[in-house]
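Let's take a walk through this protein together, beginning with a charged pair and working outward to the whole fold. Have the model open beside you as you read.

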Amino acid sequence: MATPLVSIISINYNQAQVTCEMVASLRQLTYPAVEIIVVDNASPTDDPGIITEQFPEVQLIRSDKNLGFAGGNNLGIRQATGKYILFLNNDTEVAPGFLEPLVELFENNPDAGIASPKIIFYGTNDVIQYAGSRGINTWTGRSVTIGHGEPDAGQHNTSGPTKLADGAAMMVPRRVIDEVGLMPEVYFLYYEELDYCEIIKRWGYSCHYVAESTIYHKESLSVGKSSVLKTYYMNRNRLLFIRRNFTGWSFWTSTCVFLLAALPKKAVTFSRRSEWSHLRALGRGLWWNLQHLGTSSATS
């Protein structure tokens with residue numbers, strides 16, 4: 001039986017060297033059938049050409065504009081030819097055998113729609129970033145990640161269904177994408193992978209954590225851990241996700257907690273630190289949602 005082709009799609013934005021490090025780790029894969037697609041999201045100052053100079057096997061797509069995380073991935077999907085699509089952050093490095101367990105899951109489980117490996121914080125003594133998810137807390141609208149911050153001592157080495165995948169590395173069969181559609185581009189940055197998981201699950205597919213597969217994530221390299229861009233999109237999209245995916249009491253409780261507790265708390269913190277650009281980003285995120293009240297359908 002032929003080995004299924006896996007299309008690995010990664011987004012580059014002004015980080016060609018970081019992307020090269022990711023591709024270098026992919027060269028060590030033991031899985032024999034992959035194509036690597038890098039979408040450059042209109043990097044303004046950093047030439048992505050060095051990626052294909054160093055790694056000619058990479059298919060480099062140069063977008064004319066920054067399409068965001070979902071838009072860039074969707075551009076890559078249109079060129080991908082694999083049976084399975086792996087969305088992989090460019091600020092990751094992978095274990096050589098990480099693909100086999102993921103492919104095996106889908107080959108043996110036709111109901112599986114999306115899956116993520118174990119994710120370890122890069123450069124740490126095996127500190128876990130992701131080992132599955134308990135889903136979104138309907139009171140707060142925040143995702144609850146299993147194992148986050150724990151040293152990996154094998155306590156999360158059991159694979160199985162989980163509530164949400166992780167956008168740093170998630171695999172989806174091409175047939176599922178063809179059925180449910182592309183990644184929702186309304187988010188631009190943050191929460192789109194969580195929304196995509198919910199869409200896939202609503203179509204009747206299951207989400208999985210694959211403990212036998214491991215990658216290493218250099219978290220927050222793309223926008224910075226305390227950037228204004230992150231403040232804007234994390235808060236704008238947290239409310240957008242609630243609006244698109246919660247109903248009834250879950251919608252009202254999570255919305256009230258966000259608007260009456262979380263948002264004011266952040267506003268006070270930014271004010272005390274005189275971080276006025278972050279404070280304005282909070283306001284712009286809220287105003288965006290008020291302007292786009294119709295953007296609440298999960299099919300948008």
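**From one salt bridge to the whole fold**

A good place to start is the pair D195 and R244, whose side chains form a salt bridge with N and O 2.7 Å apart. D195 sits in helix α6 (residues 192-202) and R244 in helix α7, so this bridge ties together parts of the chain that are 49 residues apart in sequence. Neither end is out on the surface: D195 and R244 are both buried. Please keep in mind as we go that this is a predicted model.

Stay on helix α6 for a moment, where K201 and E198 also meet in a salt bridge, with an N to O distance of 3.7 Å. This one is local, because the two residues are 3 apart in helix α6, about one helical turn. Are they buried or exposed? K201 has a relative accessibility of 25% and so counts as partly exposed. E198, at 18%, falls under the 20% cut-off and is therefore buried.

Now move to another part of the chain and find E93, which forms a salt bridge with K218, the closest N and O atoms lying 2.8 Å apart. The pair links distant parts of the chain: E93 belongs to strand β5 (residues 92-94), while K218 is in the loop between β12 (206-217) and α7 (228-245), and 125 residues separate them. Both E93 and K218 are buried. They also have company, since E21 joins E93 and K218 in a network of salt bridges. How many salt bridges does the structure hold? The count is 9.

With these pairs in view, zoom out to the fold around them. The secondary structure comprises 9 helices and 12 strands. Of contacts between residues at least 6 apart in sequence, 76% join residues at least 24 apart. As for overall dimensions, the C-alpha atoms fill a box of roughly 55 × 40 × 40 Å along the principal axes. The radius of gyration is 19 Å, which agrees with the value near 19 Å for a compact globule of 300 residues.

Finally, consider the inside and the outside. Buried residues account for 55% of the 300 residues. The accessible surface comes to about 13,400 Å², and carbon and sulfur atoms contribute 54% of it. As for charge, the protein carries 26 positive and 28 negative side chains, with the centres of the two sets 11 Å apart.

Key: Residues numbered from 1 in each chain as written. Predicted model: local features only at pLDDT ≥ 70, side-chain atom pairs only at ≥ 80, totals over all residues. Heavy atoms only, no water. Salt bridge = Lys/Arg side-chain N within 4 Å of Asp/Glu carboxyl O. Helix = DSSP H or I, 4+ residues; strand = E, 2+ residues; numbered from the N terminus. Buried < 20%, exposed > 50% of the residue type's maximum accessible area, 1.4 Å probe, protein only. Rg over C-alpha atoms; globule rule 2.2 N^0.38 Å. Contact = heavy atoms within 4.5 Å. Areas by Shrake-Rupley, 256 points an atom, 1.4 Å probe, with all protein chains shown as cover. Lys, Arg positive; Asp, Glu negative; His and termini not counted. Charge placed at Lys NZ, Arg CZ, Asp CG, Glu CD.
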